[in-house]
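Biologist: Could we go through this structure together, taking each label in turn and asking what earns it?

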Amino acid sequence: MKIASLLHDQIKHTFAFIVLSLSIVMSFSINAIETSFSFHQGDDSNTQGFSFAVSDKFSKASNFYWNLGYSYLDDVKISWNNSDLYFKVDTVDAVASYRYQPKSYNKIMKKVTFEYLAGVSFALTENKFVWPELDEEKYFSKSNDVNALFGFNVHYELSKQTALHLGFKYQPSFSQFDDITSFNLGFSYRFGNQFGY
């Protein structure tokens with residue numbers, strides 16, 4: 001049973017990697033692609049993680065982007081039955097975003113872009129609590145659960161290809177967990193003529 005479960009998990013992670021790889025290949029043939037890596041800190045001090053994403057404009061002149069990524073958070077707390085339980089949460093995220101660059105003569109503000117995100121996350125792992133004495137188990141999330149997510153980022157352009165970003169990701173309800181909020185700090189690299197516009 002353990003071997004079957006491990007094999008099932010490996011297949012899911014392999015599928016996620018294939019989807020990300022295909023999106024990279026497709027993006028290179030359509031527009032310039034942007035890759036990003038972020039470190040996450042949850043609103044609970046124990047919760048930390050990271051994310052990796054690829055994104056591109058829907059069309060060359062558009063301010064709307066599609067984003068496909070992988071996110072991992074460790075020690076996500078759920079309070080249940082007068083106890084605090086901690087689980088890991090990893091997801092594949094499919095997100096649409098809108099980027100806005102304010103017009104300004106200020107040297108700093110000219111390098112700033114605001115990004116608003118909305119999408120869904122697909123859970124890759126299941127989280128359950130087992131009572132060996134009672135031979136019972138309680139599922140808090142299952143693989144393939146679909147949950148809504150929202151976010152906001154501020155990008156600061158360092159060069160034509162690189163930028164720092166700071167923001168947050170919010171999931172109002174993640175399966176049987178309460179809402180999950182994480183703050184992120186990361187960087188992005190754009191394989192093209194210019195980051196942003």
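Modeller: Let us begin with a definition: two strands are said to pair if DSSP finds at least two bridges between them. Please keep in mind that this is a predicted model.

Biologist: How do you know that E3 and E4 pair?

Modeller: The two strands are joined by 15 bridges, and since the rule asks for at least two, E3 and E4 therefore count as paired. They run antiparallel, and one of their bridges sets Leu73 opposite Val89 in E4. Together E3 and E4 form a hairpin with 2 residues between them, and in that turn Asn81 has a positive phi of about 55 degrees.

Biologist: What makes E4 and E5 a pair?

Modeller: The same kind of reasoning applies: 10 bridges join E4 to E5, whereas at least two would be enough, so the pairing is established. These strands, too, run antiparallel, and in E5 the bridge partner of Val95 is Gly119.

Biologist: Which elements make up the protein as a whole, in order from the N terminus?

Modeller: The order from the N terminus is α-β-β-β-β-β-β-β-β-β-β, which comes to 1 helix and 10 strands. Of the 197 residues in the protein, 41% are buried.

Biologist: Why is Glu34 called buried?

Modeller: Its relative accessible area is 3%, and the label buried is given under 20%, so Glu34 receives it. Glu34 is found in strand E1, which covers residues 33-42.

Biologist: How do you know that Glu34 and Arg190 form a salt bridge?

Modeller: The closest N and O atoms of Arg190 and Glu34 are 3.7 Å apart, and the cut-off for a side-chain nitrogen of Arg and a carboxyl oxygen of Glu is 4 Å, so the pair qualifies. Arg190 lies in strand E10 (residues 180-191) and Glu34 in strand E1, so this pair ties together parts that are 156 residues apart in sequence. Arg190 is also buried, because its relative accessible area is 6%. As general background, side chains of opposite charge can pair when their charged atoms come close.

Biologist: What makes the link between Glu34 and Arg99 a polar contact?

Modeller: The side chains of Glu34 and Arg99 are joined at 3.0 Å, and the limit for such a pair of N or O atoms is 3.5 Å, so the distance meets that part of the rule.

Biologist: Which salt bridge does Arg99 form with Glu115, and where do the two residues lie?

Modeller: The closest N and O atoms of Arg99 and Glu115 are 3.2 Å apart, which is within 4 Å, so this pair is a salt bridge as well. Arg99 is in strand E4 (residues 83-100) and Glu115 in strand E5 (residues 112-123), 16 residues apart, and both residues are buried. Through shared partners, salt bridges join Glu34, Arg99, Glu115 and Arg190 into one network.

Biologist: Asp44 forms a salt bridge with Lys77; why is Lys77 called partly exposed?

Modeller: Lys77 has 35% relative accessibility, and because partly exposed covers the range between 20% and 50%, that is the label it gets. Asp44, at 17%, counts as buried. The closest N and O atoms of Asp44 and Lys77 are 3.6 Å apart.

Biologist: How many residues are in the largest nonpolar core?

Modeller: That core has 11 residues in all, including Leu73, Val76, Phe87, Val89, Phe140 and Ile180. The elements that give two or more residues to this core are E3 and E4. A second, separate core has 7 residues, among them Ile33, Val54, Tyr70 and Tyr72.

Biologist: Is Asn144 buried or exposed?

Modeller: Asn144 stands at 55% relative accessibility, and since exposed means over 50%, it counts as exposed. Asn144 is found in the loop between strand E7 (136-141) and strand E8 (146-157), and although it is not a glycine, it has a positive phi of about 80 degrees. Most residues other than glycine have a negative phi.

Biologist: Why is Ser175 called buried?

Modeller: Ser175 has a relative accessible area of 18%, and the label needs a value under 20%, so Ser175 is buried. Ser175, in the loop between strand E9 (162-171) and E10, has a positive phi of about 50 degrees although it is not a glycine.

Notes. Residues are numbered from 1 along each chain as its sequence is written. This is a predicted model: local features need pLDDT of at least 70, side-chain atom pairs count only at pLDDT 80 or more; totals for chains, interfaces and linings use all residues. Side-chain values use heavy atoms; hydrogens and water are left out. Helices (H or I, at least four residues) and strands (E, at least two) are DSSP runs, numbered from the N terminus. Buried means under 20% relative accessible area, exposed over 50%, partly exposed in between (1.4 Å probe, protein chains only). A polar contact is a pair of N or O atoms within 3.5 Å; within protein, one must be able to donate a hydrogen and the other to accept it, and residues adjacent in sequence count only if both atoms are side-chain atoms. A nonpolar core is a set of buried Ala, Val, Leu, Ile, Met, Phe, Trp, Tyr and Cys residues joined through side-chain atoms within 4.5 Å.
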